[in-house]
Amino acid sequence: MSKKVVKYSLIGFGLYAVLAAGVLTFYEDNPDQMRWDDRQAYNKKYINELSIDEPIFKERIIQSLGSPDITEAKILNGETFQVMFYRTKHEKSDGITTKDECTPLLFKDGKLIAWGISAFEQFDSIRI
């Protein structure tokens, strides 16, 4: 009797391990399906791993992080500037996401050119 219990326990554990490995390997994070605090941590981690050395386009950011929490855009001399804000820190529980709770990402003609506090300062200084 005890050999059967051990056998079935090992089989059950093995199946669980295979299922867990499959989920971790093939399941992609979907920010739109995350709770706000998980999405916030995911956004922060993703943005911290960005590199200015490689060209990154708006479509890739939206595909990876989902829709921005706040966005603004301007056109100057035929060039489009857009700043997208993604929530990366919690300030107060009021149900509203504000710019001070977000990290801005600045795009010029769809290409990421800056992120962080200076990104919004650059965007804000553009006078049309």
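This section describes salt bridges, a buried threonine and a nonpolar surface patch in a predicted model.

The whole structure holds six salt bridges. One of them joins Asp-37 and Arg-35, with the closest N and O atoms 2.5 Å apart. Asp-37 is partly exposed, at a relative accessible area of 24%. Arg-35 reaches 54% relative accessibility and therefore counts as exposed. A further salt bridge links Lys-45 to Glu-49, where the closest N and O atoms are 3.5 Å apart. Both Lys-45 and Glu-49 are exposed. Arg-60 and Glu-54 also meet through their side chains in a salt bridge, at 3.0 Å from N to O. Arg-60 is partly exposed, with 34% relative accessibility. Glu-54 is likewise partly exposed, at 39%.

Thr-103 lies in strand 3, which spans residues 102–108. Its relative accessibility is 16%, so Thr-103 counts as buried; the cut-off for this class is under 20%. The side chain of Thr-103 makes a polar contact of 2.7 Å with the side chain of Thr-88. Thr-88 is also among the residues in contact with Thr-103 once neighbours within four places in sequence are set aside. The others are Ile-47, Met-84, Phe-85, Tyr-86 and Gly-116.

On the surface, Tyr-8, Ile-11 and Leu-15 make a nonpolar patch of about 350 Å². Leu-15 sits in helix 1, formed by residues 2–26. Leu-15 counts as exposed because its relative accessibility is 60%, and the exposed class begins over 50%.

How values were computed
Residues are numbered from 1 along each chain as its sequence is written. This is a predicted model: local features need pLDDT of at least 70, side-chain atom pairs count only at pLDDT 80 or more; totals for chains, interfaces and linings use all residues. Side-chain values use heavy atoms; hydrogens and water are left out. Patches are made of residues with over 30% relative accessible area and no salt bridge: like charges are joined within 9 Å, nonpolar side chains (Val, Leu, Ile, Met, Phe, Trp, Tyr) within 5 Å. Accessible areas come from the Shrake-Rupley method with a 1.4 Å probe; for residues, only the protein chains shown count as cover. A salt bridge is a side-chain nitrogen of Lys or Arg within 4 Å of a carboxyl oxygen of Asp or Glu. Helices (H or I, at least four residues) and strands (E, at least two) are DSSP runs, numbered from the N terminus. Buried means under 20% relative accessible area, exposed over 50%, partly exposed in between (1.4 Å probe, protein chains only). A polar contact is a pair of N or O atoms within 3.5 Å; within protein, one must be able to donate a hydrogen and the other to accept it, and residues adjacent in sequence count only if both atoms are side-chain atoms. Contact means heavy atoms within 4.5 Å.
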